[in-house]
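The exercises below ask you to locate residues, to judge their burial and to trace their contacts. Work through each task with the model open, and then compare your reasoning with the solution.

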Amino acid sequence: MKTYFSALACTAALFVLQPGLASARDLTIVAWGGAGQEAQRAAFFGPYTKETGKAILEDQTPLLAKVRSMVESGNITWDVLDLESAEAMIGCEEGLFERLDWSQIDQSKYVEHVHSDCGYGLYTAGNILAYDGDRFPQDPPSSWADFFNTEKYPGKRGIWNTPKGALEVALMADGVPAGEIYQVLRTPQGIDRAFGRLDSIKSDILLWNSGAEFVSRLATGEYVMTYAWNGRISTTNDSDGKNFRIAWDAGYTYVTDQLVIVKGSPNKEQAMEYFKFLHNHPELQADYTKRTYYSSTSLASLDYLPAEVKEQLPLIPEHLKNAVPVDDEFWVENLDSLTERFNIWAAR
């Protein structure tokens, strides 16, 4: 979901402090720039400063390689990072992030599977089947089986240029229930089955590398339908007046971005205070959701959302019955080998 965020101009020197001054600086939160960071600034950073009187510094692009360098050198210039849950898991296992004190936050107030030992789940994106409603005024695609049915729905399909997501929906199209996807993928036969399903329509698959790309190709009709991120579909409808639709009943995976605290941060206590601030203000989490259409993980935030926004979100009960959280452990273990196989498949 991060590849579509446009870069904001910033000067790295603004955020790099001398080691001796690290303990005196304000809490530094690092996200991914563009619309996503703008939404966090409006919904979270500003209200936090207004309520507490404490400023927040911002930086962008929280790469694990830079965190490793900070932790190894002891020169910690970042405090809180916005990372996908798989990266949060890797960093937690490597000792790059602080383990959170969950006695301070009631996890029962959140959707399941969104938090981890080191990560506070902030927002969730659905990896969904999208199509242009103007192209299908009647009998639109409603399942991943339809996505793979090129006789009934002729034309090109869009899939993200990675095995993560492609293999899951291929198995859904092949009749595997969402809740059994990773059980099947953990077998060699299951992986072969997923690649075989992809192979069945390979000539009609066009791979995309960014949200901007799949939106553009769907708008021009180059794709008749596409694997997509729910937030990008809904925000494009708002900004460009499109009639893109999401086939929620087809089933989907969802991935959560988590906030983590860099190991050795001099602002660890304030970072935890920031997490508790978010916890205590579900209305602000709802504000973020309104701006991005990515679901807040807070169940209470739903009370602050209008029906027309809720129906476009992955983390509502009506949609979750067809959903499965991305299995971070599976992808941490298998991403490299499956990416190699996927690239070979795509190049054929």
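**Exercise 1.** In which strand is the place of Val255?

*Solution.* Before starting, note that this is a predicted model, in which local features need pLDDT of at least 70 and side-chain atom pairs count only at pLDDT 80 or more, whereas totals for chains, interfaces and linings use all residues. Residues are numbered from 1 along each chain as its sequence is written, and side-chain values use heavy atoms, with hydrogens and water left out. Val255 belongs to strand E9, residues 252-261, where helices (H or I, at least four residues) and strands (E, at least two) are DSSP runs numbered from the N terminus. Next, consider its surroundings: Val255 has a relative accessible area of 8% and is therefore buried, the terms being buried for under 20% relative accessible area, exposed for over 50% and partly exposed in between, with a 1.4 Å probe and protein chains only. Finally, the C-alpha atom of Val255 is separated by 9.9 Å from that of Gly121, although these positions lie 134 residues apart along the chain.

**Exercise 2.** Describe the setting of Ser296, beginning with its strand and ending with the cavity that it lines.

*Solution.* Ser296 is placed in strand E10, residues 295-296, and counts as buried because its relative accessible area is 8%. Its side chain reaches the backbone nitrogen of Ser298 at 3.0 Å, which is a polar contact in the sense of a pair of N or O atoms within 3.5 Å; within protein, one must be able to donate a hydrogen and the other to accept it, and residues adjacent in sequence count only if both atoms are side-chain atoms. If residues up to four places away in sequence are not counted, Ser296 touches Leu122, Gln285, Thr289, Ser301 and Leu315, contact meaning heavy atoms within 4.5 Å.

For the last step, a 1 Å grid over the protein atoms alone is used: a cavity is a set of points where a 1.4 Å probe fits but cannot get out, a pocket is an open set with protein on both sides within 12 Å along at least five of seven lines, and lining residues have an atom within 4 Å of a point. Grid points are joined across faces, edges and corners, and a volume is the space filled by probe spheres set on the points. The largest cavity has a volume of about 40 Å³, and its lining includes Ser296 together with Val111, Ser298 and Leu315.

**Exercise 3.** Which residues of helix H11 are buried, and what do they pack against?

*Solution.* In H11, residues 282-292, the buried positions are Pro282, Leu284, Gln285, Ala286, Tyr288, Thr289 and Thr292. The elements against which they pack include helix H1 (34-52), strand E4 (120-132) and E10. H11 is followed by Tyr293, whose phi is positive, near 65 degrees, although Tyr293 is not a glycine. Tyr293 lies in the loop between H11 and E10 and, with a relative accessible area of 6%, is buried.

**Exercise 4.** Place Trp78 in the chain and find its polar partner.

*Solution.* Trp78 is found in the loop between helix H2 (64-73) and strand E3 (80-84), and its relative accessibility of 1% is why it counts as buried. Its side chain is joined to that of Asp59 by a polar contact of 3.1 Å. The C-alpha atoms of Trp78 and Gly264 are 9.9 Å apart in space, while the two residues are 186 apart in sequence.

**Exercise 5.** Which elements each supply at least two residues to the lining of the second largest pocket?

*Solution.* These elements are helix H3 (85-93), E9, strand E11 (323-325) and helix H14 (328-347). The pocket has a volume of about 420 Å³, and of its 21 lining residues Met89, His115, Ser116, Asp328 and Glu329 lie nearest its centre. In H3, the residues Ser85, Ala86, Ala88, Gly91 and Cys92 are buried, and what covers them includes E3, helix H5 (163-173), E9 and H14.
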